[in-house]
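Have your viewer ready, with a selection box at hand. We will go from one selection to the next and say what is there at each stop.

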Amino acid sequence: MRIACLINRYPAASHSFIRREIRALEGNGINVTRISIRANSDDVTDPEDKKEAERTRVILGMGAIGLVLGILRTALTRPGRLVRAIGVAIKIGWRSDRGLLRHLVYVAEACVLARWLRQSGVQHLHAHFATNSTAVAMFCRILGGPPYSFTSHGIEMSDCPETLGLREKIRRAAFAVAVSEFGRSQLYRWCRHEDWPKIHVIRCGVDHQFLSAPHEPPPTTPRLVSVGRLSEEKGQRLLVEAVGRLVAEGLAVELVLVGDGPLRGCIESLIEERGLRSCIRITGWASGDEVRGHILASRAMVLPSFAEGLPVVIMEALALGRPVISTYVAGIPELVEHGVCGWLVPAGSVDALAAAMREAVEAVPEQLEAMGRRGAERVADMHDARKEARKLIALFENGLGKTGKEEAVAPGG
């Protein structure tokens, strides 16, 4: 079976879970074509991501002339379908935060994509994220492309679900995927109840580099690690505040922030203001192997997010036997059980965050070992990349493409 995977920007440092899913699909005998709407090489440092970049075709790499030629070619060969696609773009775009013009550009991108998929014999198109990539997949289907499906990772629905056109995207899709039960409930909210049966949960997977990693006991040093893009929704500013409180109490604590992003300058300034340069270090972007090393060198992984789907780094930390400190947000409580494999705190509470960090730093090795072991068991049971890929393949093969709204081929259209 030949499918195409469509992502807005791929590869990217924060999209390792997509790379794992693609590799797992291929490991199960599926031929996967990688397509990105736009190139993203700024933060690609991982050798595996560099390999993916070489295998990925970029729609906007065609340039403006390529998009115009795609529209003209479609207007000549499938004028009726092009008119229908433009009509749907107007319907969704006029009330979208991204505007009508951008949705018309999505139609142009879909014209290029539909031609590529016909040439390569792709039977099904799967998009990641319910934003522009799924819009392009939907327009591609209207233009005569293959049935499509998409995975919503949750974060995109937290800010502007009504302007994403989710109702239309789900109605026309063969099926839709959420990465957690919470995510599925949110898709239920924004579609017709008749479409609920086509919404499924397929969790992001962790590969066997993590699942079969040899046990390494937690360090005796009071080090915690936070892995993620440095941005408002990840809550790293609160981590600085929490470390400041613990240091003021006389507690020895270290924090390593692994990642980069728009909030880095602000966080660095706050670290300087609080006099915490000896306690907090920012590494910048790191490869997968480097992230793994930082996790293993810590007593616990902490991620005080305000908005999430279900962060893959939580799965990775638990798989490596490290407890997790995080928040009662979205799908996180489905994996992290408070007091069993980590600590859950209310999002935005510095008091609760500092208390959990104190417990992790002061915990005896036996407690951390037991929590890490339980976490690894939960990840192996719920987030094995190969098992989750087989669930996705079953959806492809079960003929669910026939359940979406079909775009009948009209003569000359």
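**Stop 1: the cysteines**

Begin with cysteine 341, which counts as buried because its relative accessibility is 0%; buried means under 20% relative accessible area, exposed over 50%, and partly exposed in between, using a 1.4 Å probe and protein chains only. Before moving on, note that this is a predicted model, in which local features need pLDDT of at least 70 and side-chain atom pairs count only at pLDDT 80 or more, while totals for chains, interfaces and linings use all residues. Residues are numbered from 1 along each chain as its sequence is written, and side-chain values use heavy atoms, with hydrogens and water left out.

How many disulfides are there? The count is 0, where a disulfide is a pair of cysteine sulfur atoms within 2.5 Å. For cysteine 341, the nearest cysteine sulfur belongs to cysteine 204, 17 Å away. Now select cysteine 5: its nearest cysteine sulfur, that of cysteine 204, is 12 Å away. Cysteine 5 is buried too, with a relative accessible area of 4%.

**Stop 2: the parallel strands**

Stay with cysteine 5 and follow its bridge partner in β4, histidine 126. Helices (H or I, at least four residues) and strands (E, at least two) are DSSP runs, numbered from the N terminus. Strand β1 (residues 2-9) runs parallel to β4, joined by 4 bridges; two strands pair if DSSP finds at least two bridges between them.

Select β4 itself, residues 124-128: 5 of its 5 residues are buried, so the strand is largely enclosed by the rest of the structure. Colour its two faces separately, with His124, His126 and His128 on one side and Leu125 and Ala127 on the other. In a regular strand, side chains alternate between the two faces of the sheet.

From histidine 126, step across to serine 149, its bridge partner in β5. The chain itself travels from β4 to β5 through helix α6 (residues 132-142), in a right-handed β-α-β crossover. Right-handed means that, with the strands pointing away from the viewer, the path from the first strand over the helix to the second runs clockwise.

Serine 149 stands opposite phenylalanine 175 in β6, and β5 and β6 run parallel with 4 bridges between them. On β6, Phe175 and Val177 point one way and Ala176 and Ala178 the other, all of them buried. Alanine 178 leads to its bridge partner in β7, valine 201.

**Stop 3: helix α8**

β6, α8 and β7 form a right-handed β-α-β unit. In α8 (residues 181-189), pick out Gly183, Gln186 and Leu187, which are buried. Look down the axis: the buried residues fall within an arc of 100 degrees, so they line one face of the helix. That arc is taken from the directions from the helix axis to the C-beta atoms. Their cover includes β5 (148-152), α7 (166-172), β6 (175-178) and β7 (199-201).

**Stop 4: phenylalanine 210**

Which residues does phenylalanine 210 contact, leaving aside neighbours within four places in sequence? They are Arg20, Arg292, Glu316, Ala319 and Leu320, with contact meaning heavy atoms within 4.5 Å. Phenylalanine 210 lies in helix α9 (residues 208-211) and is buried at 2% relative accessibility. Try a C-alpha to C-alpha distance here: phenylalanine 210 and alanine 319 are 5.7 Å apart in space, yet 109 residues apart in sequence.
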